[in-house]
Amino acid sequence: MKAPEWSIADFSFSVMGGDAQKGAVALLAAYFDESGTTGADKIALYGGAVARTDEWRNIEKPWRQKLDEFQIGTYHASHCEHGIKEFAHLSRPIREALTGYLAGLIGGLNAQAFGSAILRKDWPYVPKHLRDACFDDPILFSLSFCFQHVSTWAKENAGSEPVAFVFACHEKYGPVIEQVHKAFQASGRWTNIGSLSFAKPQNLVQLQAADLLSYEFLQFALNGNLGAERNAWKSINSRASAGGKFGASYIFHDAESVQAIKPFASSGAA
């Protein structure tokens, strides 16, 4: 059975109530997804992007039409990469072309992507007070940097307009994401970190886009410059260089860089 599809306007209304009808098109919305959530993964990462809701709306119809063309209900980057589950009936060239097309839609947005990652083997080198602030979890460490970077970007580029954050539903991380979010809001420093919501990727193509970005950030982290040569990044860069306003910011922490990190939200420091 095909999952229900939400438009960005419908979703904005669902999380903001009546105000969404008057202000949804002006709302900055950030969509994020995680990668590397198990101890067996080399890297813990969060990735996604922020844009105005009217901008996000531009990818909804073509994204869904392309998935329908290949009888795919929900785009999942790693499944597409490896040709499993919904993508098992597609050959590698077709799967690569599909990812390239969807990546091109993202690259055509007036949006800013963010990625944050840390090598799990270097997690013990993170100062203890930071590990404690992140519930001793490198995934939440990476998440915290996404909150900070989006907030700083909005202050510098969008008049400090509040940003509504949307994350893919996650049984394990949902409750702790809420705690991290509340800590940032309570700090008094990150005043433009707005509402927090969770949704299923099958309902929102914007979360599927976040999944694609998260996966490609992961490949960049694993493979260095070779990751930047992947077809998805080429498609994104091609659309962006053709007149788009898409940008990307990525931070990758290792044993050396974590020594210079300042405290997180609890102290109000950057």
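Glu81, Glu216 and Arg230 are linked in a network of salt bridges. The model is a predicted one, and this little network is a handy place to start looking at it. One link in the network joins the side chains of arginine 230 and glutamate 81, with N and O 2.9 Å apart. That pair links distant parts of the chain, since arginine 230 sits in the loop between helix 10 and helix 11 (231–241) while glutamate 81 belongs to helix 5 (residues 77–82), 149 residues apart. Arginine 230 also forms a salt bridge with glutamate 216, and here the closest N and O atoms are 2.6 Å apart. Glutamate 216 is part of helix 10 and arginine 230 is in the loop between helix 10 and helix 11, so this pair ties together parts that are 14 residues apart in sequence.

How buried or exposed are the members of the network? Glutamate 216 has a relative accessibility of 2%, so it counts as buried. Arginine 230 comes in at 19% and counts as buried too, because the cut-off for buried is under 20%. Glutamate 81, at 23%, counts as partly exposed.

The count of salt bridges comes to 7. Another of them pairs lysine 66 with glutamate 69, whose closest N and O atoms are 3.1 Å apart. These two are 3 residues apart in helix 4 (residues 60–69), so about one helical turn separates them. In an α-helix there are 3.6 residues a turn, so residues three or four places apart point the same way. Lysine 66 counts as buried, with a relative accessibility of 17%.

Not every charged residue has a partner like that. Aspartate 211, placed in helix 10 (residues 205–223), is buried yet has no salt bridge. What is the nearest side chain of opposite charge to aspartate 211? It is arginine 230, and it is 10 Å away. Not counting residues up to four places away in sequence, aspartate 211 touches Asp33, Tyr75, His76 and Ala77.

Zooming out, the protein chain's secondary structure comes to 11 helices and 6 strands. Of its 270 residues, 53% are buried. The chain exposes about 12100 Å², and carbon and sulfur atoms supply 52% of that. Take the contacts between residues at least 6 apart in sequence: 74% of them join residues at least 24 apart.

Helix 8 (residues 138–157) is worth a closer look. With 20 residues, helix 8 reaches 29 Å from its first C-alpha to its last, close to the 28 Å expected at 1.5 Å a residue. Because 15 of its 20 residues are buried, helix 8 is largely enclosed by the rest of the structure. At its start, a side-chain oxygen of aspartate 137 reaches to within 2.9 Å of the backbone nitrogen of isoleucine 139. Just after the helix, glycine 159 takes a positive phi of about 60°.

Two more residues round out the picture. Histidine 253 lies in strand 6 (residues 247–253), and its relative accessibility of 4% means that it counts as buried. Leaving aside neighbours within four places in sequence, histidine 253 is in contact with Ala117, Ile118, Leu119, Phe141, Phe145, Val258 and Ile261. Arginine 189, by contrast, is partly exposed, with a relative accessible area of 35%. Arginine 189 is found in the loop between helix 9 (174–186) and strand 5 (193–199). From C-alpha to C-alpha, arginine 189 and serine 151 are 9.6 Å apart in space, and 38 residues apart in sequence.

Technical notes: Residues are numbered from 1 along each chain as its sequence is written. This is a predicted model: local features need pLDDT of at least 70, side-chain atom pairs count only at pLDDT 80 or more; totals for chains, interfaces and linings use all residues. Side-chain values use heavy atoms; hydrogens and water are left out. Helices (H or I, at least four residues) and strands (E, at least two) are DSSP runs, numbered from the N terminus. The expected span of a helix is 1.5 Å times one less than its number of residues. Buried means under 20% relative accessible area, exposed over 50%, partly exposed in between (1.4 Å probe, protein chains only). A polar contact is a pair of N or O atoms within 3.5 Å; within protein, one must be able to donate a hydrogen and the other to accept it, and residues adjacent in sequence count only if both atoms are side-chain atoms. Lys and Arg count as positive and Asp and Glu as negative; His and the chain ends are not counted. A salt bridge is a side-chain nitrogen of Lys or Arg within 4 Å of a carboxyl oxygen of Asp or Glu. Contact means heavy atoms within 4.5 Å. Accessible areas come from the Shrake-Rupley method with a 1.4 Å probe; for residues, only the protein chains shown count as cover.
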